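Here's a quick tour of one structure, written for someone who likes to look at contacts. Have the viewer open and follow along.

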Amino acid sequence: MQQIALAVIGGTGVYNLAQLDDVQTHDVETRFGTPSGPIRVGTLLGHRVAFLARHGEGHSLPPHKINYRANLAALQQVGAQRVLALNTVGGITDAFGPRVLACPEQIIDYTWGRISTLCEEPGSDVLHVDFGHPYTPMLRSKILAAAKVTGVTVHDGGCYGATQGPRLETIAEIARLRRDGCDLVGMTGMPEAALARELGLDYACLAIIANWAAGCGDGEEITMAEVLANVQAASNGLPELVGELARG
Ligand code: HPA
């Protein structure tokens, strides 16, 4: 198996990695089925990096239809041990406004009806993995260090509230998330993080804040155009950050 320094899962608005060279495309099948799309393995600033678009390359999969198990297993099958999850999110609390990048350290899971464990099939061993720190602390530290080296501003910390989608939230739902202690809201953070832990992968999130969540900020209606423009604006430094993270 080839050595992959880092796997990156792209979220809404991130369908490829700029500066990924010598790309090979892998159509991978896993014991959990087919991932969201092909895995592209290439060289980024001298390091082997794998990339997968979480929603499919044409953004054809809603959050509850993504085969999170197959995505992670496929990345593991091509040789990845560390996963950087890019998640496009809404911001709830003051430090998490549009175009901010954040590396959250906690999660609250509000999703339902998703396959959220590897031990789904009858007869499989039941795993009760420790999930107190849902993101691998060492990988979080490395993301923050890589951000510093490359001059990319990344907010350290925050709690990610994972909602079901695909619709955005009501103002009352976001008020509840705020009371619960959430700083960010997105639709794809879970069960991905828990499955990564069950698979024994190192996994951490770099959240790209695309909009104020419902009722936050100026309270304006959230549009897809705003989301995509802010993701693009916030992603400028990503290739350098990812390259530096892959180095160490
Ligand atoms: N809520 C949930 N998911 C999101 C949002 C949001 O406001 N923005 C981008 N992804």
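## An aromatic pair

Searching the whole structure turns up 1 aromatic pair. The partners are Tyr-135 and Tyr-203, and they are stacked, with 6.3 Å centre to centre and 15 degrees between the planes. Tyr-135 comes from the loop between strand E7 (106-109) and helix H2 (137-150), while Tyr-203 belongs to strand E11 (residues 202-212), so the pair ties together parts that are 68 residues apart in sequence.

Keep in mind that this is a predicted model.

## Where the ligand sits

Now for the ligand, which sits in the largest pocket. Two elements give two or more residues each to the shell around the ligand: strand E5 (82-91) and strand E10 (184-186). E5 gives the most, with 3 residues.

The full set around the ligand is Thr-88, Val-89, Gly-90, Leu-168, Glu-169, Val-185, Gly-186, Met-187 and Asn-211. By type, that shell splits into 4 nonpolar, 4 polar and 1 charged.

## Polar contacts and burial

Which side chain puts an N or O atom 2.8 Å from a nitrogen atom of the ligand? That's Glu-169. The backbone joins in too: a polar backbone atom of Thr-88 is 3.3 Å from a ligand nitrogen, and a backbone N or O atom of Gly-90 lies 3.4 Å from a nitrogen atom of the ligand.

As for cover, the ligand taken alone exposes 260 Å², and the protein buries 93% of that.

Key: Residues numbered from 1 in each chain as written. Predicted model: local features only at pLDDT ≥ 70, side-chain atom pairs only at ≥ 80, totals over all residues. Heavy atoms only, no water. Near = heavy atom within 4 Å. Polar contact = N/O pair within 3.5 Å; in protein donor to acceptor, adjacent residues only side chain to side chain. Areas by Shrake-Rupley, 256 points an atom, 1.4 Å probe, with all protein chains shown as cover. 1 Å grid on protein atoms, 1.4 Å probe; cavity = no way out; pocket = protein on both sides within 12 Å on 5 of 7 lines; lining within 4 Å. Sits in = over half its atoms within 2 Å of the grid points. Helix = DSSP H or I, 4+ residues; strand = E, 2+ residues; numbered from the N terminus. Nonpolar A, V, L, I, M, F, W, Y, C, P; charged D, E, K, R; others polar. Phe/Tyr/Trp six-rings, centres within 6.5 Å; stacked < 30°, edge-to-face > 60°.
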